[in-house]
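Biologist: I should like to learn how to read a structural model step by step. Could we begin by looking at it together?

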Amino acid sequence: MTSTARVDVDGVSVSPDHYINGERVSSTATFEDRSPLDWRWRLADVARGGTREADLAVTAASEAFTHWSSLDVEDRANYLTRLAQLIERDVEKIAHVECLDMAMLEESLRLRVIGRGARNFRAYADLARNYEPRRWTSNGTENTVLRMPAGPTVVITPWNAPFMLSTWKCAPALAAGNTVILKPAEWSPLSCSMLMDLVEEAQFPPGVFNLVQGLGEEVGAALVNDPRVRRISFTGSPETGRIIGEAAAKNLTPFTAELGGKGPFIVFADADLEAAADKAAVMFDDGGQVCLAGTRLLVEQSVRERFLELFRAASERHVLGDSRDPDTTVSPLIHPDHLARVNGFVERAIDHGDRIVFGGHVERKDGLWFQPTLIEPTSNSSEVVQREIFGPVLTLQTFSDEDEAVLLANSTSYGLSAIVYSSDRPRVLRLGARLRAGTIWVNCFLVRDLTAPFGGTGISGIGREGGEYALDFYSDLKTLQIKEGTTNG
Ligand code: NAD
């Protein structure tokens with residue numbers, strides 16, 4: 001059913017519906033979307049898609065693929081650039097709605113995160129325009145590697161930073177010549193719906209870029225099980241990654257998965273301890289709901305006391321509050337179920353004998369804030385060390401030398417990111433080689449070059465996206481071999 005319904009989200013008009021084949025489409029069923037800033041605030045009743053909507057979207061994307069994939073690269077890149085310009089124009093509106101929807105700090109959404117969505121489209125427009133196929137000669141033939149657009153692509157994203165994380169995947173898929181069906185998470189569906197208004201304004205051909213809303217186990221499952229889908233790109237938890245992997249395997253659909261993390265934050269005695277402590281306290285920002293966060297503090301024994309003193313002071317400077325307020329640094333958690341999950345980890349840690357150094361409680365009975373919390377575990381096998389909590393809860397452990405630091409850092413099943421603070425260059429180069437993680441930051445955090453590979457090892461993910469790596473994933477590569485001296489012109 002086509003729809004013209006709009007909801008007013010604090011002064012911003014947002015469609016609660018799907019966007020399929022260039023039109024807004026509603027569903028008979030809906031789901032409630034509430035604001036974590038005040039759980040009584042019902043932002044919208046959002047269309048709850050199922051097999052019908054998944055089928056409509058994959059059909060639209062399949063039909064649009066022929067035209068989109070055969071467009072000149074320059075033409076496709078122009079659509080992406082136009083979309084980037086429109087995002088830049090609307091940064092404030094999108095940031096505001098995403099802040100209400102998932103409670104990430106509005107200032108950082110406005111200054112950094114939503115703009116990154118525009119940069120994602122610009123970066124892939126440029127990469128597609130400037131692509132030089134690899135060419136070399138061997139065995140008397142000239143070899144050329146060519147990229148073929150792969151086909152309809154399903155992108156499934158989590159509730160944290162939904163706009164940025166969705167554009168990170170949709171941009172290379174579209175640039176590679178694929179059509180896209182985006183399914184954002186049901187806990188923060190609104191900013192991706194706003195993206196579709198801009199897709200319409202940029203006049204993308206119908207069916208090229210579609211959005212379906214709904215629950216993962218309903219419309220998400222229908223999408224990933226459809227054999228017409230030729231790429232699946234997923235960001236979310238390892239548990240869902242496994243389920244999607246099974247669906248992908250059934251249809252032999254290539255898929256990438258960017259999954260959870262439990263990154264080590266390693267501090268050596270030779271580091272700038274103040275800078276390290278300040279950065280470690282940043283792990284509490286946004287309620288600690290950041291997959292890349294270094295949540296296991298591993299500190300060289302000789303500086304434990306000094307580091308802890310500095311870290312405690314930096315953590316005490318945090319302000320728990322409304323994410324719209326620029327003074328707030330720690331936002332509430334996304335959902336009451338997630339708050340209960342985070343609290344459960346801490347309660348089990350206490351039962352297990354782990355020591356709460358500070359924090360450890362839900363901040364206010366009428367809100368979704370959890371206190372910045374530091375736990376000293378009884379052993380490396382404690383649940384709080386080994387499992388992703390995805391809240392403002394860090395652990396503190398010590399090591400006596402570099403080997404022990406590496407051993408502890410590599411001792412979980414995850415491998416998304418690692419952070420190292422040290423001033424010793426030969427040491428950090430050795431660590432770079434020995435740590436099991438997709439991204440290792442030394443004396444910094446969250447600095448990203450969009451052309452670098454990004455992903456995780458272990459249960460943190462399969463495959464790499466970013467730069468040419470993503471364009472390769474969203475394409476089928478083929479090799480053209482021409483016998484030397486047999487052609488002219
Ligand atoms: P989740 O796995 O519960 O959900 C992610 C998405 O999958 C949602 O859109 C959901 O609707 C969908 N889904 C659920 N079941 C499905 C199914 N059976 N078939 C198809 N789709 C299904 O994750 P979440 O709770 O939304 O997000 C938090 C997780 O995401 C954390 O583990 C976090 O570390 C991870 N994450 C990873 C990265 C990264 O880049 N590696 C980035 C952000 C978040």
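The dialogue below takes up the ligand, the charged side chains, the backbone and a buried helix residue in turn.

Biologist: What kind of model is this, and how are its residues numbered?

Modeller: This is a predicted model, in which local features need pLDDT of at least 70 and side-chain atom pairs count only at pLDDT 80 or more, while totals for chains, interfaces and linings use all residues. Residues are numbered from 1 along each chain as its sequence is written, and side-chain values use heavy atoms, with hydrogens and water left out.

Biologist: How many residues surround the ligand, and which are the closest?

Modeller: A residue is near a molecule if one of its heavy atoms lies within 4 Å of it. Here 30 residues surround the ligand, and the closest are Glu186, Ser237, Thr240, Leu259 and Glu388.

Biologist: Which atoms of Thr240, Leu259 and Glu388 lie at short distances from the ligand?

Modeller: The term to know is the polar contact, a pair of N or O atoms within 3.5 Å; within protein, one must be able to donate a hydrogen and the other to accept it, and residues adjacent in sequence count only if both atoms are side-chain atoms. Glu388 places a polar side-chain atom 2.5 Å from an oxygen atom of the ligand. For Thr240, a polar side-chain atom is 2.7 Å from a ligand oxygen atom. Leu259 uses its backbone instead, with an N or O atom 2.7 Å from a nitrogen atom of the ligand.

Biologist: How much of the ligand does the protein bury?

Modeller: Accessible areas come from the Shrake-Rupley method with a 1.4 Å probe; for residues, only the protein chains shown count as cover. Taken alone the ligand exposes 850 Å², of which the protein buries 89%.

Biologist: Which elements give two or more residues to the shell around the ligand?

Modeller: Helices (H or I, at least four residues) and strands (E, at least two) are DSSP runs, numbered from the N terminus. Those giving two or more residues to the shell are helix H7 (216-224), strand S12 (231-235) and helix H8 (238-251). H7 gives the most, with four residues.

Biologist: How many salt bridges does the count come to?

Modeller: Side chains of opposite charge can pair when their charged atoms come close. A salt bridge is a side-chain nitrogen of Lys or Arg within 4 Å of a carboxyl oxygen of Asp or Glu. By this rule the count comes to 35 salt bridges. Glu32, Arg34, Arg42 and Asp45 are linked in a network of them.

Biologist: Is Glu305, which forms a salt bridge with Arg304, buried or exposed?

Modeller: Buried means under 20% relative accessible area, exposed over 50%, and partly exposed in between (1.4 Å probe, protein chains only). Glu305 counts as exposed because its relative accessibility is 54%, whereas Arg304 is buried at 11%. The closest N and O atoms of this pair are 2.6 Å apart. In another salt bridge, Asp322 and Arg324 meet at 2.8 Å, N to O. Asp322 is partly exposed at 27%, and Arg324 is partly exposed at 33%.

Biologist: What is the nearest side chain of opposite charge to Arg76?

Modeller: In this scheme Lys and Arg count as positive and Asp and Glu as negative, while His and the chain ends are not counted. Arg76, found in helix H2 (residues 73-89), is buried yet has no salt bridge; the nearest side chain of opposite charge, Asp72, is 8.4 Å away. A polar atom of the Arg76 side chain does lie 3.4 Å from the backbone oxygen of Ala175.

Biologist: Which residues other than glycine have a positive phi?

Modeller: Among them are Ala103, with phi near 70 degrees, and Asn139, with phi of about 50 degrees. Ala103 lies in the loop between helix H3 (91-102) and helix H4 (106-129) and is buried, at 0% relative accessibility. Asn139 is in the loop between strand S7 (135-138) and strand S8 (141-149) and is exposed, at 79%.

Biologist: Where is Ser193 found, and which residues does it touch?

Modeller: Ser193 is found in helix H6 (residues 190-201) and counts as buried, at 0% relative accessibility. Contact means heavy atoms within 4.5 Å. Not counting residues up to four places away in sequence, Ser193 touches Val14, Ser15, Asp17, Arg24, Leu211 and Gln213. Ser193 and His18 are 175 residues apart in sequence, but 7.6 Å apart in space, C-alpha to C-alpha.
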